[in-house]
Amino acid sequence: MSKKILIVDDDQEIRSYLSELLGDNGYETVTAEDGSEAVEIAKAEKPDLITLDLEMPNEWGPRFYRRISQDDALKRTPVVVISGLNAIKYAIPKAIATLTKPFEAAQLLKIVKDAIG
Amino acid sequence: MFKKILLATSGAPSTFGAARVAFDMARRYGAEVLVLNVMGVPTKAFSHIVNDVRTGEEIEVDDEYRAWVEEELKTTFEKQFEIVEYSQIKLTTGVPSREILRCARDEDADLIVMGASSGDSSVYRKGYPGSTLQKVAKAARCPVMTVHRETASYWGGFSNILFATDFSKQAENAFRFALKSAQEIGCDLTLLHALDISGKVLDQNEIEDQIIAARDRIRTTYVPLMGDFKDYDIEVWEGVPFVEIVKMAREKSADMIVMAHHSRELNPEKARIGSTMEQVILRAGCPVVSVSKPDKV
């Protein structure tokens with residue numbers, strides 16, 4: 001059974017790119033365009049890993065992370081931060097990795113493979 | 001509760017985090033943002049020649065220069081201006097701290113938002129907030145929010161406010177502000193006392209007795225003031241106070257830390273910003289609110 005990844009990003013192009021990239025590498029993907037929507041999807045879909053943008057219109061990445069970290073079923077889900085902002089490694093200290101846009105596809109795939117296989 | 005937010009900015013990158021938070025708060029709570037830029041300090045009283053706040057260069061402030069500064073601010077904060085319904089730019093000359101306080105008073109601002117320093121990255125500035133913040137935080141009638149680190153500006157609405165207390169008289173105003181904010185916004189409130197054991201070698205039983213006593217003191221001091229508000233946690237952590245406050249904020253993913261401007265000096269006119277507050281401002285991963293006077297809380 002393929003592993004499921006939730007992609008949270010307000011940029012449609014990034015969502016499509018990541019869905020295609022991860023889908024081509026055998027992962028199932030679901031997407032959300034902001035933190036509020038992502039919480040609902042995460043609760044329903046129980047993803048194995050989450051890629052998270054920081055700056056989104058309705059709810060920023062760190063708020064989303066706080067909400068899932070209070071949920072017993074989701075709090076251990078690994079999170080990879082992907083953002084164009086500076087200093088992103090400080091935004092969610094418990095994230096398993098941070099990638100600054102633009103990033104290499106191979107870099108993301110290695111992080112995902114190391115985390116969930 | 002935030003109807004008018006005064007953003008004091010030099011337009012320097014060190015204030016971008018403060019701008020991001022001020023505009024985002026305004027969007028969420030339907031507040032007006034007043035963007036105040038103090039263009040320079042007059043070389044002589046009422047002179048049109050000023051020393052630029054950022055560069056120190058002498059500049060003649062005429063209509064053309066004002067228009068240029070306004071355009072620069074509009075360009076710098078272009079994306080932010082787009083997300084708010086009400087905003088205005090205010091330009092002035094003078095001593096920055098005085099002008100910020102004057103504007104906050106004249107406009108009856110509910111909150112002043114600013115960076116911790118003008119961006120000087122010297123060792124001195126890294127260890128201490130700038131003098132403008134020191135003066136504004138001391139004299140402002142309204143709470144003063146500081147956004148120092150870029151990571152402190154990653155903001156998406158309030159879900160948890162951390163109120164740090166040393167049980168001083170001055171902490172009462174800060175508590176009232178923290179409680180009112182949590183009640184009106186509908187978020188959680190964490191009440192923290194950081195038990196100072198720095199430089200002491202204490203018996204563990206003694207430390208734990210003090211922790212129990214501090215928890216009881218929070219319960220008896222603040223809980224009766226909270227009425228029906230139940231979304232609170234009480235925490236007491238021992239260590240170096242500013243370290244424990246920053247750690248707790250990170251652990252609880254706090255969106256805002258609220259503290260008293262000072263604790264030891266009873267005369268607010270004499271007090272400088274407390275050393276714990278100073279270090280929390282510089283190190284926190286979320287905005288820090290300093291409350292000095294009771295007027296707007």
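In chain B of this predicted model, helix α1 (residues 16–29) lies across three strands, β1 (4–8), β2 and β7 (111–114), and runs at about 165° to β1(B). The strand that sets this angle is well covered: 4 of the 5 residues of β1(B) are buried, so the strand is largely enclosed by the rest of the structure. On the pairing side, β1(B) and β2(B) run parallel and are joined by 5 bridges. One register point to look for is A8(B), which stands opposite L36(B) in β2(B).

Moving outward from there, strand β2 (residues 32–38) of chain B also pairs with β6(B), again in the parallel sense, over 7 bridges. Here V38(B) stands opposite T92(B) in β6(B). These strands belong to an open sheet of 10 strands in chain B, with the order β6-β2-β1-β7-β8-β13-β12-β9-β10-β11 and mixed pairing. The sheet ends at β6 (86–92) and β11 (232–239) of chain B, the edge strands, each of which pairs on one side only. Going from strand to neighbouring strand in this sheet, the average turn is 25°, with direction ignored. Strands of a sheet can pair either parallel or antiparallel, in both cases through backbone hydrogen bonds.

Zooming out to the whole of chain B, the secondary structure comes to 10 helices and 13 strands. The C-alpha atoms fill a box of roughly 70 × 40 × 30 Å along the principal axes. How does the radius of gyration of chain B sit against that of a compact globule with 297 residues? The rule puts such a globule near 19 Å and chain B has 20 Å, so the two agree. Of the 297 residues in chain B, 44% are buried. Contacts in chain B reach far along the sequence: taking those between residues at least 6 apart, 75% join residues at least 24 apart.

Chain B is divided into two parts, domain 1 (4–149) and domain 2 (158–291). Their centres, taken over C-alpha atoms, are separated by 28 Å. The contact between them draws 14 residues from domain 1 of chain B and 14 residues from domain 2 of chain B. On the domain 1 side, the elements that give two or more residues are α6 (131–139) and β8 (144–146) of chain B. Sorted by class, that side of domain 1 has 9 nonpolar, 3 polar and 2 charged residues.

A single residue in domain 2 is worth a stop. E244(B) is found in helix α9 (residues 241–251) of chain B. Is this glutamate buried or exposed? E244(B) has 24 C-beta neighbours inside 10 Å, and because the cut-off for burial is 20 or more, this residue counts as buried. Setting aside neighbours within four places in sequence, E244(B) is in contact with A194(B), W237(B) and G239(B). For a sense of scale, E244(B) and A67(B) are 46 Å apart in space, C-alpha to C-alpha, and 177 residues apart in sequence.

Chain A has its own sheet, an open one of 5 strands, in the order β2-β1-β3-β4-β5 and with parallel pairing. At its edges stand β2 (28–32) and β5 (97–100) of chain A; each has a single partner strand, so one side of each is left without a neighbour in the sheet. The twist from one strand to the next averages 20°. Further in, strand β3 (residues 49–52) and strand β4 (residues 79–83) of chain A pair in the parallel sense over 3 bridges. T51(A) has V80(A) in β4(A) as its bridge partner.

Two helices of chain A pack against these strands. Helix α1 (residues 12–24) of chain A lies across β1 (4–8), β2 and β3 of chain A and runs at about 170° to β2(A). Helix α2 (residues 35–45) of chain A touches β1, β2 and β3 of chain A as well, and its direction makes about 170° with that of β1(A).

Finally, the two chains meet. The contact takes 15 residues from chain A and 10 residues from chain B. On the chain A side, the largest share, 6 residues, comes from helix α3 (residues 61–69) of chain A. By class, the side of chain A that touches chain B has 8 nonpolar, 4 polar and 3 charged residues.

Key. Residues numbered from 1 in each chain as written. Chains lettered and ligands numbered in written order. Predicted model: local features only at pLDDT ≥ 70, side-chain atom pairs only at ≥ 80, totals over all residues. Pairing = 2+ DSSP bridges. Axes fitted to C-alpha atoms, helices over the stretch in contact; angles between N-to-C directions. Contact = placed C-beta atoms within 7 Å. Nonpolar A, V, L, I, M, F, W, Y, C, P; charged D, E, K, R; others polar. Rg over C-alpha atoms; globule rule 2.2 N^0.38 Å. Buried ≥ 20, exposed ≤ 12 C-beta atoms within 10 Å, placed from the backbone. Domains from an automatic or database assignment.
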